[in-house]
Amino acid sequence: MKKIAWSFYILIFGCVQLFSQASLEKQIQTQMILAEDGSVIELQSGLIHLTKSLSMEGKKNITIKGMGIDKTILSFKNQSEGAEGIKITNCEHITLEDMTVQDSNGDLIKTMHVNGITMRRVKAEWTGKPSKNNGSYALYPVLCDNVLIDSCIAIGASDAGIYVGQSKNIVVKNCTAYHNVAGIEIENSLYAEVHHNTATNNTGGILIFDLPDLVQKKGGYVRVYDNLVKENNLKNFAPKGNIVGKVPKGTGVLVLATNHVEILSNQILNNKTSGVGIISYFMTENKIKDKDYYPYPSGIYIHDNNFERKHRRVPFAGRFAKIYWFKLKFGRDVPHIVYDGIVDKESLDADGNVKPENRICIRNNTNQSVGNMDAEHGFKNVSRDAKPFDCALNMIYMR
């Protein structure tokens, strides 16, 4: 008889819990829909299960505030409708802070066409092991202006943990990204500052990319400084076909086809393939159909960083590893900085030298070593000579 009574109690308690969670989910979504300009939506502490995406559109000056990381937890583990966890579109001055968001079907927090988006003390994570089945992006502002991502944590994304795409005026600071394919990625974005972050145990630590076929064609004026980029040696688990699937594990910082990038005062430690890679889009071996796309990196200045790397060969995995092993033949003495050596002929002056504003400049780094892959000529003249890169750029960040 006691057993029957106890089972009955569990059944009733479970139903109350489910009803309570469903009621709470409806309450939060209603608050987001009906929020008046200037409102603060406060989320209670505890684990809140959500079955649908939370969305907000067309609002101004709204703050969505939890009780703290790992205190207010929005879990989408049982999501049955929508792809994103939280989606915010066509808004102005929105702040998300002090919460954890977990396990959505797609991106965890996506903001699109928002002028003034702040994510502060937000943890966004997939709680299982790194998997191609995880969503693409944990924190994902795209086509936004005035982006601030401060003191956030991103874990487990199958593309990038913190991804800012096709946006302007960006600051990513004091954040931690691990167990993602890319820890932090700035893509086709203008005027970005990435500083005082920790990117560790990803496939690639910090990526600065310009890719074709996007609405905002050209990024640049990106400064990456005072970051810890350490041991990004995780096996690449991106779904097949993703561009980040080409990033070799063991990549610290990678600049792909972006212009006006300054990388300074970072600790870049024990990334097995390269500390910093500078490559053109041609290295992806993808065809370029976008006539307005510029595939060359130029105006890159790498200085005053500290590089450390154990004396060993790069991991033998993927296309880039084959290039390292069979074409570059660096053996165990792999340069900290590698450049593909593919030059835009339009960037040369009358004497055949690269114009000052287009140069790749490298100087004053601790343990500095440089490798020019000469990919343009089939890797025939691979060089370790750093003298051609011994220059400085006067970086200007106009906004």
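A residue counts as buried when its relative accessible area is under 20%, as exposed when that area is over 50%, and as partly exposed in between. Keep those cut-offs in mind for the close-ups below, which come from a predicted model.

**Figure 1. The disulfide of Cys-361 and Cys-391.** Searching the whole structure turns up one disulfide. Its partners are Cys-361 and Cys-391, whose sulfur atoms lie 2.0 Å apart. The angle about the S-S bond is -105 degrees, a left-handed link. Distant parts of the chain are joined here: Cys-361 belongs to strand E27 (residues 360-363), while Cys-391 sits in the segment that follows strand E28 (370-372), and 30 residues separate the two. Both ends of the link are hidden from solvent, as Cys-361 and Cys-391 are each buried.

**Figure 2. Two cysteines without a disulfide, Cys-91 and Cys-152.** Why does Cys-91 form no bond with its closest cysteine sulfur? That sulfur is in Cys-144, and at 9.6 Å from the sulfur of Cys-91 it is too far away for a bond. Cys-91 itself is buried, its relative accessible area being 3%. Cys-152 also takes part in no disulfide; here the nearest cysteine sulfur belongs to Cys-175, at a distance of 4.7 Å. A disulfide requires sulfur atoms within 2.5 Å, so the 4.7 Å between the sulfurs of Cys-152 and Cys-175 does not qualify. With a relative accessible area of 1%, Cys-152 is buried.

**Figure 3. Tyr-137, Tyr-140 and Tyr-163 in one aromatic cluster.** How many aromatic pairs does the structure hold? There are eleven. One of them brings together Tyr-140 and Tyr-163: the ring centres are 5.2 Å apart and the planes meet at 75 degrees, so this is an edge-to-face pair. Tyr-140 comes from strand E8 (residues 137-142) and Tyr-163 from strand E11 (residues 160-165), so the pair ties together parts of the chain that are 23 residues apart in sequence. Are these two rings buried or exposed? Tyr-140 is buried, with a relative accessible area of 11%, and Tyr-163 is buried as well, at 4%.

**Figure 4. Tyr-191 and Tyr-221, a stacked pair.** The rings of Tyr-191 and Tyr-221 are 5.4 Å apart, centre to centre, with 25 degrees between their planes. This pair, too, links distant parts of the chain, with Tyr-191 in strand E15 (residues 190-195) and Tyr-221 in strand E18 (residues 220-225), 30 residues apart. The two partners fall on either side of the 20% cut-off: Tyr-191 counts as buried, at 18% relative accessibility, whereas Tyr-221 is partly exposed, at 26%. While you are here, have a look at the backbone of Tyr-191, where phi is near 60 degrees, a positive value in a residue other than glycine.

**Figure 5. Charged side chains over aromatic rings, at Tyr-294 and Trp-325.** Which residue places its charged end over the ring of Tyr-294? It is Lys-218, whose charged end is 4.9 Å from the ring centre. In the companion view, Arg-313 lies over the face of Trp-325, with 4.6 Å to the centre of the ring.

**Figure 6. Ser-151 and its positive phi.** Here is a backbone detail worth a look: phi of Ser-151 is near 55 degrees, which is positive although the residue is not glycine. Where does Ser-151 lie? Its place is the loop that runs between strand E9 (145-150) and strand E10 (153-155). Ser-151 counts as partly exposed, with 30% relative accessibility.

**Figure 7. Lys-322 and Glu-125 with their surroundings.** Lys-322 is part of helix H2 (residues 318-328) and is partly exposed, with a relative accessible area of 41%. Setting aside residues up to four places away in sequence, Lys-322 touches Phe-316 and Lys-327. Its C-alpha atom is 42 Å from that of Ile-69, a residue 253 positions away along the chain. Glu-125 lies in strand E7 (residues 109-125) and counts as buried, at 9% relative accessibility. Beyond its neighbours within four places in sequence, Glu-125 is in contact with Thr-100, Val-101, Gln-102, Asp-103, Leu-108 and Ile-155.

Key. Residues numbered from 1 in each chain as written. Predicted model: local features only at pLDDT ≥ 70, side-chain atom pairs only at ≥ 80, totals over all residues. Heavy atoms only, no water. Helix = DSSP H or I, 4+ residues; strand = E, 2+ residues; numbered from the N terminus. Buried < 20%, exposed > 50% of the residue type's maximum accessible area, 1.4 Å probe, protein only. Phe/Tyr/Trp six-rings, centres within 6.5 Å; stacked < 30°, edge-to-face > 60°. Lys NZ or Arg CZ within 6 Å of the ring centre and 35° of its normal. Contact = heavy atoms within 4.5 Å.
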